[in-house]
Amino acid sequence: HRVELRSAQLFERGQRVFPGGVTRTTVVRHPRPIYVERGEGPWLIDVDGNRLLDLNANFTTLIHGHAFKPISAAVAAQLERGTCFANPTEHELALAELICGRIPAAERIRFVNTGTEAVMFALKAARAFTGRSQIAKLEGTYHGGYDWAEISEHTDPSTSRAQPPIALGNYRGAPQSVAAETIVLALNDVARTATALAGTEGKLAAILIDVMPSRCGLIPIEPEYLELLSDYCRRSGTLLISDEVLNLRQDFEGASARFGIKPDLMTMGKIIGGGLPIGAIAGRRDVMEIFAQRDSHGWLLPQGGTFSANPLSMVAGLASMQALDRAAFAKLEALGDAVREALNAVIAKRNVDMSVYGRASLFRIQPSRRIPRTYREAFAAEGPSSPMPRLCEALLRHGVNLPRHGTGVLSTPMTDAEVRHLSDAFTAALADIGL
Ligand code: PMP
């Protein structure tokens with residue numbers, strides 16, 4: 001039993017100002033959201049005084065946990081000097097130099113405020129560069145709220161299993177024209193994807209991918225599949241865009257490098273802002289030049305943003321990235337291995353129908369023994385009979401905040417003590433729900 005008295009009071013207030021009581025759908029929780037009082041490293045303290053191990057980390061942003069001292073100090077110092085200017089600052093140069101010096105595909109970069117915006121501008125850049133309007137993306141992947149990137153973000157995996165994926169708008173009234181200009185591909189399904197791409201040469205500006213898409217069940221893109229897409233892009237002059245808003249956290253050089261590709265464009269966000277709003281588009285120098293070109297009518301691709309490259313996000317991001325040296329990534333890798341091993345040991349001991357997998361600081365609990373290879377496999381077990389919502393609810397009672405799709409994220413301040421807390425809570429939660 002958890003106390004949620006104060007959260008209940010705040011949610012009641014929320015009903016009077018926000019549709020549905022909240023100002024982003026992603027915090028909705030039945031019967032009410034958990035209002036947070038503060039964060040301490042990897043821990044959340046809610047307004048009712050409950051202490052929760054935070055495996056959400058603001059949707060994978062907080063790679064150093066909450067209130068990381070070097071970030072707080074950098075932001076506090078910048079607050080005294082001003083928060084935003086209609087001028088460039090040296091801080092944006094420092095963050096850009098760090099990222100371009102470290103990430104092989106990032107030859108040039110532009111900063112924006114969110115991952116959504118980064119994906120939107122990457123797609124626009126691909127269009128402006130190729131002079132083509134269509135794009136292709138994977139079924140089930142999440143890339144933020146831009147209409148084109150949202151196509152077929154969630155289709156029903158149980159009813160559509162036998163059919164190839166189709167382009168579907170993400171909300172009632174979504175323009176048909178957007179779906180008509182978007183091709184949806186089935187992750188890791190070489191045959192279906194080859195068929196879907198046949199005859200599209202010369203029409204696609206870009207293929208937008210995520211090498212380990214969280215909403216597809218954190219499934220790594222397979223080498224053979226990646227080869228098919230890269231090959232198509234090379235042959236047809238289509239740009240490959242790797243969305244690393246989430247997966248940049250996989251490695252010192254980012255996820256594309258880990259997967260052995262050098263995309264034409266990539267998008268970033270989350271960890272590069274140190275917990276302040278950020279997004280970035282980076283990539284091949286000649287492609288990125290599209291942002292700097294103009295003709296007699298003006299810029300070929302206008303890109304601004306009142307708060308883009310604001311110095312608070314820049315100094316916070318720099319502090320975050322500077323602390324992410326190779327040793328920090330090695331620590332995150334080891335933590336991830338320890339969590340996967342500990343949770344799989346609990347599963348084996350209790351003989352439950354689950355598996356835990358993932359890479360680096362990301363892991364996922366899947367309610368079946370077989371590790372999925374495709375989006376549809378990953379969510380085939382979802383539905384009323386899935387134990388995941390009950391498991392997440394039970395974990396909360398034992399002091400663990402795990403997002404409801406079962407994908408958890410680790411951070412640098414975690415130690416063996418947090419791994420033990422998680423595996424003990426997992427054992428107790430499974431017992432609670434009768435597994
Ligand atoms: N792309 C990916 C892969 C993401 O995970 C997210 C956010 N979860 C976005 C884009 C959108 O980023 P933002 O929420 O900053 O707009």
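What percentage of the 435 residues in the chain is made up of buried residues? Buried residues account for 54% of them, where buried means under 20% relative accessible area, exposed means over 50% and partly exposed lies in between (1.4 Å probe, protein chains only). What you have open is a predicted model, in which local features need pLDDT of at least 70 and side-chain atom pairs count only at pLDDT 80 or more, while totals for chains, interfaces and linings use all residues. Residues are numbered from 1 along each chain as its sequence is written, and side-chain values use heavy atoms, with hydrogens and water left out.

**The whole chain**

Begin with the full chain, which has 16 helices and 16 strands; these are DSSP runs (helices H or I, at least four residues; strands E, at least two), numbered from the N terminus. Along its principal axes the C-alpha trace spans about 65 × 60 × 45 Å.

**The loop before β1**

Next select P31, found in the loop between α1 (5-15) and β1 (36-40), and look at the peptide bond from H30 to P31, which is cis with omega near 0°.

**Helix α2**

Move on to helix α2 (residues 57-60), where N58 is located and where F59 lies as well. Phi of N58 is near 45°, and F59, also not a glycine, has a positive phi of about 55°. Most residues other than glycine have a negative phi, and most peptide bonds are trans. N58 is partly exposed, at a relative accessible area of 34%, and F59 is partly exposed at 27%.

**Helices α8 and α9**

Now select α8 (residues 190-197) together with α9 (residues 223-236), which pack at an angle of about 15° with their axes 10 Å apart; axes are lines fitted to C-alpha atoms, for helices over the stretch in contact, and angles run from 0 to 180 degrees between N-to-C directions. The two are therefore roughly parallel to each other, a term for angles under 35 degrees. To see the contact (heavy atoms within 4.5 Å), show V190, T193, A194 and L197 in α8, which meet E224, Y225, L228, L229 and Y232 in α9.

**Helices α13 and α16**

Finish with α13 (residues 326-350) and α16 (residues 416-432), whose axes come within 10 Å and cross at roughly 25°, which makes α13 roughly parallel to α16. On the α13 side, the residues to display are L335, A338, V339, A342, L343, V346, I347 and R350, and they meet V419, L422, S423, F426, T427, L430 and A431 in α16.

Note on methods:
Angles under 35 degrees count as roughly parallel, over 145 as roughly antiparallel, 65 to 115 as roughly perpendicular and the rest as oblique.
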